[in-house]
Structure formats: C-alpha cells, structure tokens
Amino acid sequence: MGRLDNKVAIITGAASGMGEATAKAFAQEGAKVIVADINMEGAERVVKEISSAGGTAVAQFVDIGEPEKIEEMVLRAKDEFGKLDILHNNAARLDFQNDVDVAGMDIFEWDETMRYNLRSVMLGSKYAIPLMIESGGGSIINTSSMGGLVGEMGKTAYAAAKAGIIALTKATAIQYGKQNIRCNAIAPGMVLNETIVENAPESLKKLIDIYIEHKATPRIGNPMDIAYLALYLASDESEYITGQVINADGGILAHNPTVVDVKKANLNW
Ligand SMILES: NC(=O)c1ccc[n+]([C@@H]2O[C@H](COP(=O)([O-])OP(=O)(O)OC[C@H]3O[C@@H](n4cnc5c(N)ncnc54)[C@H](O)[C@@H]3O)[C@@H](O)[C@H]2O)c1
C-alpha cells in the first residue's frame, strides 16, 4: 500500500529541484503524477525515470505566467486520470539581477515577479478547486519561502510574492475547508542539490557556510527534505492540518538572531 494510492497529483516546476524530488516521491507512494514544467525536455526525463521505477506519470507543458496554460494543465488531470486530488504549486522565478531593494525596484520586474510567483499560485488553485470539489476534496500545497517571512537586503519582489502566498494559503484553507480541500504552505530555507553544492563558486560556498552557522542543524537542505514534507501534506495522514505555513529550513528562523554572535563571543548567556 502506497501513501498516495489512487490519488492524482499535479506538481509545477517538476523538471528539477524540489519539484522533481516531490514528483518522484509521490509516484513512489502510488500517485499518478502530472509532471508540469516549462522545460519539457526535463519533464520528459523525470517521467521516464518515474516510469522506469514502476510509477505512473505524464509530462505537461505549463508556463505559470500564462493563465490559459495553467488551466490546460489542470484540465489534463481530468482528461488523463479523471480527477484531481493534489496540486503542488511549486514553480517560481527568481531574478537576482533585477529584483533588488525597494528604492531601486524596477516596476516591470515587480509586476513580473507577482505574475509568476503569486498570481500563478492563485490561478493554479482557482482552476483546481472546482475539479477537487468534484473529486471529493483535495490537498493544495504552495511553496512559499523563508524569504517571505523575514527581510533581506534584496529579492524584495520575490519576498513580497512569497509572503502573499502565505495569505493566499490561509484564505484558500478557510474558504474550501468544508468541501474537504486543505491548503498548506511550505517555507524552505536554502535547499540545494549535491551537484550544485559540489560545484558551488566561492561566493555561494561562503553563503552556504553563513547559512550553516545560523541553522540549528549541521547541514543545508536538499530537495528530498522538502519532498518528504510535501508527501505528508499531500497524504491523508495530514487530514487535520490546513492553513499552515511549515518552515523546512533546518531551524534557521527558530533562533534568536544574536545566537551566533553570542556563541562567538563565548558569553555564557
Ligand atoms: N532552493 C531554495 O533554496 C529555495 C528556498 C526557498 C524557496 N524556494 C522555492 O522552492 C520552489 C522550487 O525551487 P527549486 O530550488 O527547486 O527550483 P529549481 O530552479 O530547481 O526548479 C524550478 C523549476 O521550475 C521550472 N520553471 C521555471 N519557470 C517556469 C514557468 N514560467 N512555468 C513553469 N515552470 C517553470 C523550471 O524549469 C524548473 O524545472 C520555488 O518556488 C522556489 O521559489 C527555493
């Protein structure tokens, strides 16, 4: 018995990173998975790997900036598998170059970030909810970010969109809970796969070290850390959990910001 037997799931951004790990984990637990991405070559590769491991998956093109493509993606679940139980709004865009501080913010960059990172999540849910109601209920999992919970020096639009996802998650949970639809958000904090870590340039290595110093755990996150949480939120095991934001960040936001400096100063406080 798989934890997601007889369930149909859509995962956006499933051609790499956390989306790929989650698609594979869902399929391994018995879900029929729609691997949705703008990168069809990557999506086809993931589908092939899932099929080789004995799972069921299909690749679906989606550009999360385009409402009609999002709608097509949701309808694919009905056409291909007859229903929809799980939607994981995972894909996002991040432009470090143009998404800067508030005074320097480019209006086009702000609007594009809202379109791709916040409107897309609303649209995915908007199209999925009627189909989930028809299917007897469902679980929507939105990917927020640690960046949506605390202030940073840049990535202002990204952070605002990820914070918006939290409000959207709660609204969705409240509005459709009685129809058996749950909605939760995952807030990851620095998640990188092994290849990226191994080949990291000096500046990223330094950043990883800073993050590790501030985490409660001895390492940064990997995509499976998020996939396991998404799996729990997708399954009936989390039937009583909705409207929540769960940080998967090695405890970085659990600590008093002075902890590292206090440790360095060898103060016994
Ligand atoms: N990696 C981190 O440290 C981190 C931290 C916090 C939050 N997040 C969030 O987690 C999610 C997944 O991040 P990741 O690091 O696994 O990303 P990733 O870059 O590894 O994968 C993103 C996937 O989304 C796809 N994609 C990009 N634009 C798209 C579009 N317009 N339409 C459809 N698909 C598109 C890409 O092709 C890719 O397959 C994102 O929402 C991201 O903001 C990541």
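Contact here means heavy atoms within 4.5 Å. The structure shown is a predicted model.

**View 1. Surroundings of Asn 184 in strand 6.** Asn 184 sits in the strand that covers residues 181-188. Leaving aside residues up to four places away in sequence, Asn 184 touches Ile 140, Ile 141, Asn 142 and Thr 169, as well as Leu 233, Ile 241, Thr 242, Gly 243 and Gln 244. With one of these residues there is also a polar approach: a polar atom of the Asn 184 side chain lies 3.0 Å from the backbone nitrogen of Gln 244. Asn 184 has a relative accessibility of 0%; buried means under 20%, so Asn 184 counts as buried.

**View 2. Glu 109 in helix 4 and its contact with Arg 93.** Helix 4 comprises residues 107-134, and Glu 109 is part of it. The side chains of Glu 109 and Arg 93 make a polar contact at 3.2 Å. Besides Arg 93, Glu 109 touches Asp 95, Asn 98 and Asp 99, when residues up to four places away in sequence are not counted. The relative accessible area of Glu 109 is 3%; this value is under the 20% limit, and Glu 109 is therefore classed as buried.

**View 3. Helix 1, residues 17-28.** The helix has 12 residues, which at 1.5 Å a residue should span 16 Å. The C-alpha atoms at its ends are 17 Å apart, in agreement with that expectation. Because 9 of the 12 residues are buried, helix 1 is largely enclosed by the rest of the structure. The buried residues of helix 1 are Met 18, Gly 19, Glu 20, Ala 21, Thr 22, Ala 23, Ala 25, Phe 26 and Ala 27. After helix 1 comes Gly 30, with a positive phi near 100°.

**View 4. The ligand and the residues around it.** The ligand is surrounded by 23 residues, of which the closest are Asp 37, Asn 90, Tyr 158, Lys 162 and Val 191. A polar backbone atom of Val 191 is 2.8 Å from an oxygen atom of the ligand. Ser 16 places a polar side-chain atom 3.1 Å from a ligand oxygen atom. At Ile 38, a backbone N or O atom lies 3.4 Å from a nitrogen atom of the ligand. On its own the ligand has 840 Å² of accessible area, and the protein covers 78% of this.

Conventions
Residues numbered from 1 in each chain as written. Predicted model: local features only at pLDDT ≥ 70, side-chain atom pairs only at ≥ 80, totals over all residues. Heavy atoms only, no water. Helix = DSSP H or I, 4+ residues; strand = E, 2+ residues; numbered from the N terminus. Buried < 20%, exposed > 50% of the residue type's maximum accessible area, 1.4 Å probe, protein only. Polar contact = N/O pair within 3.5 Å; in protein donor to acceptor, adjacent residues only side chain to side chain. Expected span 1.5 Å × (residues − 1). Near = heavy atom within 4 Å. Areas by Shrake-Rupley, 256 points an atom, 1.4 Å probe, with all protein chains shown as cover.
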